[in-house]
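Reader: I have a model open on my screen and would like to walk through a few backbone details with you. Shall we start once we both have it in view?

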Amino acid sequence: MNVKNFFTKVTVVLLACLLVFMGIGNLLSGDDEKEEVARVGKEVITSDEYKSLYQNYERRISGSDASREQVKKLKYDLLNALIEQKLLFNLISELGLTVGEESIKNHIKNTKYFQNDKGEFDENKFHETLNDLHMTEKEYIAKLEKVLPAMMFMTSLFKDNYPVTFGERVDEQIYKSRYQTRVVDIVKITEDAVTNIPEPDDQALLDLYERNKSRFYYPEYRTAQYISLGQKYFEDQIKISDEEVDGIIEQQELKDQRDVFNVIFSTKEEAETARRAFEEGKTSFEQIVGEFGKAKLEETRVNNITKDFLPEDVREKVFALKVGEVSEVLASSFGWHIIKVENAHQISNEDLVDLKKDIKSVLTNQKSFERVNDFINQVNYKIYNGSAIEEILSEYNLPIQTIGPVDASGKDQSGNNVGDSSDLISFIFSREKDQKGYFKGVGNAVVSVKIIDTVPRKLQSFEEGRALAVELWRSEFIKERMFKIGQEVAVQLREKTNLEEIQGVELVKGQHMHRNEVDQQNYPFSFVEEIFNMKTTGSVTDPIQYNNEIIIGVLKEMHSSNGKLNTLDTGKRVMISLKEQLISYLESKYKVEVNHAILDDI
């Protein structure tokens, strides 16, 4: 995963999407009194609400090259998204905005979670989903009555498909500024530039320990009983008969096959010109392949195709052709096609065996998926109505296992890895000790967890944390020294002094930067902005820390572009700016208090 792009998406996409509440997750979060991460006016962000959102994103970056700083940035980006959501709730409440019954009905009908495969509202699916989430229809509608006014308020104010222009001359200047290319030399200072690191004295270590006590804790450990049912558990309950497989083959006419030549065109006009030349006898199909398709005949061959291999609006037309006939121009998501049928035949015995295996596998997956959903709904309904987990174990003859003590990173108290599922560990640490053991899809399994013991976080003594204190001291010393070296290098560059060859200082020449592609470049947004705010070549940026390095930029060339500004894109940028101004105003209007200690512990 490109971690930089991921974090950019968090700040841009998440902040935009959460503000218009386009997800069922926000609607279905509980209102139980929990530990407060933040208080926003009259609204509260609970630790459970925040953890649910954070763990969803944390799993996506686990195992990546995300730095400590990037993880911290993720934490606060997600918190800010929730704060902005709560600010809007405060505003809507103060304005007294409400929605009518028809708006609620329309929203429910248009929610994908309540629709069938055809995109139509399915009342049974609606009630099944709410039942699975242990929520009544009345409770869900109460949630919508709070959320929908905010959603409609935002979407009515900030339409992102509205064209905006500032006049031809200003638009031209904006375009030239926005679509500039600048060539930059980058100087990188790495840890190798820092030599002769001294040993810290006890007082320095003690001061660091006192300043950073939150870093000197043994983690919380949990011991849990859990039930984990993999896909095989449900597949073993599925029996697919030969008659069922044969019925599908007959119904979908899968024994009937064709060998064809398939020529694909990038434009409809090109395909129609080729087909017209063929109809008029000016060219053969083979010439179409060579002259128009720019390919050899054998390169267009596709053998043993069945009806289900082709797009639905094309299959009947192709299978209606006789051997040797050429189709009209056919359209698909791949382009425009002219197809010639070379051979029509029945499936071979060998391919029929493979086909039956494939169909059986698809049916097994489909039915086991249905069985999983039925199982989760059934057992969770029983747990919701008071059944103990021991009763569920007995009734369904389920295996139970114990894991722990284990910390949130999956290590035991000796630092060894425990288990092989990070999803299971995350699920264990998302539960409270006395919380009911509802079953939930976790990774590739269906899991229920019961916390049976916890060892709370414990502050290390200074002596216990000495090794970590030394490590942190060395890290701080190296960072400070690297930054000082960076300042010295920046002065040399501004004075046009040639850089000496120094260990740990690297010059990367000729880096091209594009202002309209900030999120696709390998440098921080603030660094790129500083480059594009420079007026003359030879200008030098201030040193900044990035990816455990100090970087400095020297502007070498500037290139403008000519073109016409996209007014819809300008409209989107204006809407984003207006949204930011609204949020800034709401932050000054409603008091925001953040419990940083709880946030740091998550």
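Reader: Does N397 count as buried, partly exposed or exposed, and what is its relative accessibility?

Author: Happy to help, and please keep in mind that this is a predicted model. N397 sits in the loop between α16 (389–396) and β10. The cut-off for exposed is over 50% relative accessible area. N397 therefore counts as exposed, with a relative accessibility of 68%.

Reader: Thanks! What is the value of phi at N397?

Author: N397 belongs to the loop between α16 and β10. This residue is not a glycine, yet its phi is positive, at about 55 degrees.

Reader: Where is N304 placed, and is it buried, partly exposed or exposed?

Author: N304 is not a glycine, and its phi is positive, near 60 degrees. Its place is in strand β7, residues 301–305. Partly exposed covers the range between under 20% and over 50%. With 34% relative accessibility, N304 therefore counts as partly exposed.

Reader: Is the peptide bond from G404 to P405 cis or trans?

Author: P405 lies in strand β10, which spans residues 401–406. The omega of the bond from G404 to P405 is near 0 degrees, and the bond is cis.

Reader: Let's turn to the open sheet of four strands. Which strands stand at its edges, and why is one side of each left without a neighbour?

Author: The strand order is β14-β3-β16-β15, with antiparallel pairing. Two of these strands have a single partner each, so one side of each is left without a neighbour in the sheet; they are β14 (505–514) and β15 (544–546).

Reader: How many bridges join β3 to β14, and how many join β3 to β16?

Author: Strand β3 covers residues 181–189 and runs antiparallel to β14. On that side, V183 stands opposite H512 in β14, while T181 stands opposite H559 in β16. The count is eight bridges for β3 with β14, and for β3 with β16 it is nine.

Reader: Which residue in the turn of the hairpin formed by β15 and β16 has a positive phi?

Author: β15 and β16 pair in the antiparallel sense over three bridges, and I544 has I551 in β16 as its bridge partner. Two residues lie between the strands of this hairpin. The one in the turn with a positive phi, about 50 degrees, is N547.

Reader: Finally, at what angle does helix α18 run to β16?

Author: Helix α18 (residues 466–494) lies across β3, β15 and β16 (549–559). Its angle to β16 is about 25 degrees.

Key
Residues are numbered from 1 along each chain as its sequence is written. This is a predicted model: local features need pLDDT of at least 70, side-chain atom pairs count only at pLDDT 80 or more; totals for chains, interfaces and linings use all residues. Side-chain values use heavy atoms; hydrogens and water are left out. Buried means under 20% relative accessible area, exposed over 50%, partly exposed in between (1.4 Å probe, protein chains only). Two strands pair if DSSP finds at least two bridges between them. Contact means heavy atoms within 4.5 Å. Axes are lines fitted to C-alpha atoms, for helices over the stretch in contact, and angles run from 0 to 180 degrees between N-to-C directions.
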